[in-house]
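Reader: Hey, got a minute to walk me through this one? I'd like to start with the charged pairs and then go to the interface.

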Protein chains: 2
Amino acid sequence: MSQIYNRVALIGLGLIASSMFWAIKRAGLAGEVTGYARGQATRDTARRIGLCDRVCDSAAEAVKDADLVVLCVPVGAMEQVARDIAPGLKPGATVSDVGSVKRAVIEAVAPHLPDDVYFVPAHPLAGTEHSGPESGFAELFDDRWCILVPVPDTPDAPVAQLRALWEGMGAYVDEMEADHHDLVLAVTSHAPHLIAYTMVGVADDLRRVTDSEVIKYSAAGFRDFTRIAASDPTMWRDVFLNNKEATLEILGRFTEELFALQRAIRTGDGEHLHDYFTRTRAIRRGIIQAGQDTDAPDFGRKKTTQ
Amino acid sequence: MSQIYNRVALIGLGLIASSMFWAIKRAGLAGEVTGYARGQATRDTARRIGLCDRVCDSAAEAVKDADLVVLCVPVGAMEQVARDIAPGLKPGATVSDVGSVKRAVIEAVAPHLPDDVYFVPAHPLAGTEHSGPESGFAELFDDRWCILVPVPDTPDAPVAQLRALWEGMGAYVDEMEADHHDLVLAVTSHAPHLIAYTMVGVADDLRRVTDSEVIKYSAAGFRDFTRIAASDPTMWRDVFLNNKEATLEILGRFTEELFALQRAIRTGDGEHLHDYFTRTRAIRRGIIQAGQDTDAPDFGRKKTTQ
């Protein structure tokens, strides 16, 4: 694949940034990739494992002459980073990010950027429960979606260029308005994560069942919850604080529905339960058909004999 | 491995029974395995794919001369099956089951069994989101737990024999009292399943977000919920109706905790959220150390480059 940007700067070197670096290298999408992380230990690790062509000791140094700057820090850290890099941005550069919420990031970042750069917020829908500079891998974005959320009056060219980069890293790309993005993600990601965190906390609190029992007997169900609940605490704290309205709306609906199912259990209304459970199967089939998951039993953890 | 039973009868031919058959054959644990399912289509499928050494057209025929009879039907169907097979059971035979709740199964089955058979309820903690006679595979129980719940006054010999069978099928075996089993499973499996069903239903109801958007953008979080929520509706209806008390207790605690986290989001209490999310990570580590899951990123869906 051909080069999309001459120089790319990654600010923050966690799971997403490190995966971007390996994906950019895999396809030769940039001439040089610089990187910066606030922590000295992170920068040392990055240098040791060859993450980024050049690891810089300041954000200003990393963004110098960069054609694309991608903010890969927790949502709550975006505003400070925007302030730090703004004076050193090259005129005509594109600034993007990978935050899980978009309205709050736009409000935090856009006011600090000079008029002669383009801001094209983005959100790759990919991740694992691991974090840090050593957790990245080139295939993370393959066949996953990346949503671009251009701010009003952005010309087509910088958006198309960023789209080409994400496609080059293996992703499908879509565009969406910021508030709609935040609602869709509240449903598909933010509320499910909060629910998983809650259930894992409840299990831990229950004194009559030991942690060892919970752990030993967590075959189906709970095990998937713990995977979700093991994600980075700082990232998720910032997601909930910055997508407050949509998350609370979805959780309100969730509680209503859960109460209705609890009532069905209490009153022994088997038909209500069966109908509900039958309906949810269809969504699962849709996800498999949309290619967002595998149909292999148990996520392919075990081989089948057939 | 050596033969544990001369003849085993499997009543009901879904995911668990079909996996038991392949696991028994893999290790040569029984001389002959007979099978029965209520549906003609299921019996036809079983005959076509070679599931069971002999597929019978009645439960009475299947259990004739069997040394072990395993009830592999939904919990709500256990009582009728117990009535059907009771007259044909061989004296000295062991009757077991694989139901996800144990107190209700004991109450439904035990009164109908003759005095000269042993009842040793069991619950293998293994499954996939698939069901039916073609979904089984020999490795399903490998390194998973099977909990035996012997009723009072059962001699050691039939319990030890059933334990040997499950160990021969690859499982770890534990023993537990029925009510404690039902509480442990309410935490690790039943409540998480109801929660996953609920969240999938909420997503489907939300008119401002299309099903297509939910499906396309369900990278992390929601995707794992749909897997859980795709499980067999009849089985799960029966689980909730038959483990009512423990499930409702856990859901009550869950709702309390969820309200506390919602309040933290609403009031912007980032410290509360961060502390909570940090605590849940530890449980996840415990599960990986206990060998109940893989540490591979994203459940091994993607290969890493490192």
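**Salt bridges and the chain A–chain B interface**

Author: Sure. This is a predicted model, and over all chains the structure holds 34 salt bridges.

Reader: Which residue does A:R48 meet in a salt bridge?

Author: The side chain of A:R48 pairs with that of A:E134, at 3.6 Å from N to O. The pair links distant parts of the chain, 86 residues apart. A:R48 sits in helix α2 (residues 40–49) of chain A, and A:E134 is in the loop between β7 (122–124) and β8 of that chain.

Reader: OK, and how many salt bridges are there between chain A and chain B?

Author: Zero. There are 14 residue pairs in polar contact between the two chains, counting pairs with both residues at pLDDT 80 or more.

Reader: Which element gives the largest share of chain A's side?

Author: That's α7(A), with 21 residues. Other elements of chain A supply at least two residues each, including β8 (145–148), α11 (244–267) and α12 (270–289).

Reader: What's the class breakdown on that side of chain A?

Author: The side that touches chain B has 55 nonpolar, 30 polar and 31 charged residues.

Reader: Zooming out, how much area is buried between chain A and chain B?

Author: About 11,200 Å², with carbon and sulfur atoms giving 66% of that. In chain A, the residues that lose the most area to chain B are A:Y217, A:I265 and A:F277, together 7% of what that side buries. As for contacts, 116 residues of chain A touch 117 residues of chain B.

Reader: Switching to helices: at what angle do α9(A) and α9(B) cross?

Author: Roughly 175 degrees, and their axes come within 10 Å. The two helices are therefore roughly antiparallel to each other.

Reader: Which residues meet there?

Author: From α9(A), A:D224, A:F225, A:R227 and A:I228 meet B:D224, B:F225, B:R227 and B:I228 of α9(B). By class, the residues of that contact are four nonpolar, no polar and four charged.

Note on methods: Residues are numbered from 1 along each chain as its sequence is written. Chains are lettered from A and ligands numbered from 1 in the order in which they are written. This is a predicted model: local features need pLDDT of at least 70, side-chain atom pairs count only at pLDDT 80 or more; totals for chains, interfaces and linings use all residues. Side-chain values use heavy atoms; hydrogens and water are left out. Contact means heavy atoms within 4.5 Å. Buried area is the accessible area (1.4 Å probe) that two parts lose on being put together, summed over both. A salt bridge is a side-chain nitrogen of Lys or Arg within 4 Å of a carboxyl oxygen of Asp or Glu. A polar contact is a pair of N or O atoms within 3.5 Å; within protein, one must be able to donate a hydrogen and the other to accept it, and residues adjacent in sequence count only if both atoms are side-chain atoms. Helices (H or I, at least four residues) and strands (E, at least two) are DSSP runs, numbered from the N terminus. Ala, Val, Leu, Ile, Met, Phe, Trp, Tyr, Cys and Pro count as nonpolar, Asp, Glu, Lys and Arg as charged, and the others, Gly among them, as polar. Axes are lines fitted to C-alpha atoms, for helices over the stretch in contact, and angles run from 0 to 180 degrees between N-to-C directions. Angles under 35 degrees count as roughly parallel, over 145 as roughly antiparallel, 65 to 115 as roughly perpendicular and the rest as oblique.
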